Every structure is written in C-alpha cells, then in structure tokens.
Amino acid sequence: MERFNIRKISRQFGELIRAEWGTFWYATLGAILMNFSIVALVVPYRFAGAGLSGIALLTRYVFDISPAWVIAIGNLLLLAWGWRVLSPRFVLWTLYVSLLSSGSVAFFELFSYPVLANTFLAALLAGVCSGIGMGLVFRVGGSTGGTDVIVVAAKKRWGVDVGMFSFYINTAILFLSWFAVDLEQLLMGGVLLYVESVTIDSVLKSFDRRKQVTVITSRMEDVKRFIVEEMGKGATIIRGEGAYTGAERPMIMVVLNRRQAMELKLFTVSLDPNAFIIMADVAEVVGEGFKHWKNL
C-alpha cells in the first residue's frame, strides 16, 4: 500500500516552487491576508463562518481551541482521505497553504487588535480582507483546503455536482454555528461570506480584465501597422460587408489592456475621424501573449 513519503513530498514541493515561483508568492501573501482576517476581524466579534475555517471558529468559541490546530489537523486528515484521487500539484499547494495558515494564525494570535464599535463595518472589512487573500490563492490555481478537498475528491470519486455539494456543506456548517453564536453574529457571518465571494470574483477578474477593440476605418493598413509594429501586438482581420452599401468593410480586432486600448483609439481617431470603434470589456483571455492554458 502506498504511503506518504515526507522526503519525496519535500523534494516534489521544492521542484514545484522552482517551477512556479509566482504561485509561491501569491499563495503566501493570500494565506497571510486570509488568516489575519480570521484572527483580527472575525474571532473578536464571534462571527459565524463556513468551511473548515467555520469549524475552526466554532471550536474556538465553544472549547477555546486555537483555529491553527483545527486548520492544520483538519486539512491533513482531508488530504490523507482524498490524496489518491487528487492531482499532485493540488495536494502540494493545498498542504503548503494549510501549514502556512496554521502558522500564521498562531503568529497573529500573539498580538491584540483594536475592536470596532460597528460590527457591520468589521464584517465588511473581514470579507474584503479574506476575499483578497483567497482570490490571490485561487488566481494561481491554489487551494485553501477544507471543503475544497472534499468537493474535488467527491467529484472525482462519485461525480457529484461541485457547486451544489459545496453549497450544502458550507450552509450546514454556517447554520451549525447557531449553537455557538447569537442571531446577529450568524447574520453578520452571512454578510462576511457574501462580501468575501464578491471580492474573490473581483480579484480574479481584475488580473485578467482586458479590452477587446474592433476598428472599422479607411486607414486599415496604418492602424494594422501601428498595432503590430508600434504596440507589438497581434490582431485579426475580419472581412465584412456594409449592410446598406454592400461595400467591403474589413475590421481589425485586437485585445489590449486599458492603456493600450486608449492609445489605439487616439491614434485611429487622429488618422480617421470617421472611424468606427467598438471597445468591450473582456473578463479573461487565454492564448499566446496572455494567460497560458496550463494556468486555468
């Protein structure tokens, strides 16, 4: 029977860090922010939580056990349960984030923090802070452990629906908090989780957001030359036809960041004041020059 080999795992993780240095820094910063939020902005107000961190909060409120122990032991047990069906990369990064989370929680517990009189504001800050942290981890394909491990393993083993399965688990843990916190703290926990999810989405989209620019102009060759030679970008020529005139109207389409999109717009208008320009927000771009498919 195959067993965990600490030396082998350490060697594989070292190779993974060298291959994914950016992932290491994003995961580290994300885990620290997330656990600072737990210690400084969640525990002092006894907010309810979801996932493994929600269980860790319950043990703190009821038995006064540090969340660091629950996060570490809980994630190790879950990884031991599901590691056969999980990818090595997922296991290694989850293990790293889990151990770092336990250590950072223990570290942040050494300090005292000011308590805000407005608990709603505290819930908002906690949601934003933890959302940014989790968003950074998710952006590089990492995992914070806990219910992520259960859901991914359950999907591979039994083919369950990821979204609904995760929702049921987190909802059950959230309402289990009813026995340890009052109604206001339970509702504040719901507010925190909502803000956290919105922040995670914002973080993930902000890194990959681009502008898709489509230009129809009589100076097509000049615009194409500017995009390719001056901006160093690739573009696609789309052969079109005017609906009214029936004349051939080629279009050029390119994906740029906000600054580059503005440069292209100003250049095009300076050449052809009658140019037709469409600028649309793009949430994610996968391909050469942008995000690689391996980072999905």
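**Exercise 1. Salt bridges across the chain**

Task: State how many salt bridges this predicted model contains, and determine which parts of the chain the pair Arg60 and Glu109 ties together.

Solution.
Step 1. A salt bridge requires a side-chain nitrogen of Lys or Arg within 4 Å of a carboxyl oxygen of Asp or Glu. By this rule the count comes to 6 salt bridges.
Step 2. For Arg60 and Glu109, the closest N and O atoms are 3.3 Å apart, and the two residues form a salt bridge.
Step 3. Arg60 belongs to helix H3 (residues 51-63), whereas Glu109 lies in the loop between helix H5 (88-108) and helix H6 (119-139); the pair therefore ties together parts that are 49 residues apart in sequence.
Step 4. Arg60 has a relative accessibility of 27% and counts as partly exposed. Glu109, at 30%, also counts as partly exposed.

**Exercise 2. Salt bridges within one helix**

Task: Find how far apart in sequence the partners Glu221 and Lys224 are, and do likewise for Asp222 and Arg225.

Solution.
Step 1. Glu221 forms a salt bridge with Lys224, with 3.4 Å between the closest N and O atoms. Both residues lie in helix H10 (residues 220-230), 3 residues apart, which is about one turn of the helix.
Step 2. Asp222 forms a salt bridge with Arg225, and here the closest N and O atoms are 3.0 Å apart. These two residues are also 3 residues apart in helix H10, and about one helical turn separates them.
Step 3. The spacing can be understood from a general rule: an α-helix has 3.6 residues a turn, so residues three or four places apart point the same way.
Step 4. The accessibilities complete the picture. Glu221 is partly exposed at 46%, and Lys224 is partly exposed at 29%. Asp222 is partly exposed at 22%, and Arg225 is partly exposed at 40%.
Step 5. Elsewhere, salt bridges that share partners join Arg60, Asp64 and Glu109 into one network.

**Exercise 3. Helix H6**

Task: Compare the span of H6 with the expected value, and describe what is found at its start and after its end.

Solution.
Step 1. H6 has 21 residues. From its first C-alpha to its last it reaches 30 Å, close to the 30 Å expected at 1.5 Å a residue.
Step 2. At the start of H6, a side-chain oxygen of Asn118 comes to within 3.0 Å of the backbone nitrogen of Phe120.
Step 3. Gly141 follows H6 and has a positive phi, near 75°.
Step 4. The buried residues of H6 include Ala122, Ala126, Cys129, Met134, Leu136 and Val137.

**Exercise 4. The sheet and its helices**

Task: Give the order of the strands in the sheet, identify the edge strands, and state which strands H10 and H11 touch.

Solution.
Step 1. The open sheet consists of 4 strands in the order E2-E3-E1-E4, with antiparallel pairing.
Step 2. Strand E2 (236-238) and strand E4 (276-282) stand at the edges; each has a single partner strand, so one side of each is left without a neighbour in the sheet.
Step 3. On average, and with direction ignored, neighbouring strands are turned by 20° against each other.
Step 4. E2 and strand E3 (residues 251-256) run antiparallel and are joined by 3 bridges. Ile237 stands opposite Ile252 in E3.
Step 5. H10 packs on the sheet and touches strand E1 (210-216), E2 and E3, its direction making about 20° with that of E3.
Step 6. Helix H11 (residues 258-271) lies across E1, E3 and E4 and runs at about 15° to E1.

Key:
Residues are numbered from 1 along each chain as its sequence is written. This is a predicted model: local features need pLDDT of at least 70, side-chain atom pairs count only at pLDDT 80 or more; totals for chains, interfaces and linings use all residues. Side-chain values use heavy atoms; hydrogens and water are left out. Buried means under 20% relative accessible area, exposed over 50%, partly exposed in between (1.4 Å probe, protein chains only). The expected span of a helix is 1.5 Å times one less than its number of residues. A polar contact is a pair of N or O atoms within 3.5 Å; within protein, one must be able to donate a hydrogen and the other to accept it, and residues adjacent in sequence count only if both atoms are side-chain atoms. Two strands pair if DSSP finds at least two bridges between them. Axes are lines fitted to C-alpha atoms, for helices over the stretch in contact, and angles run from 0 to 180 degrees between N-to-C directions. Contact means heavy atoms within 4.5 Å.
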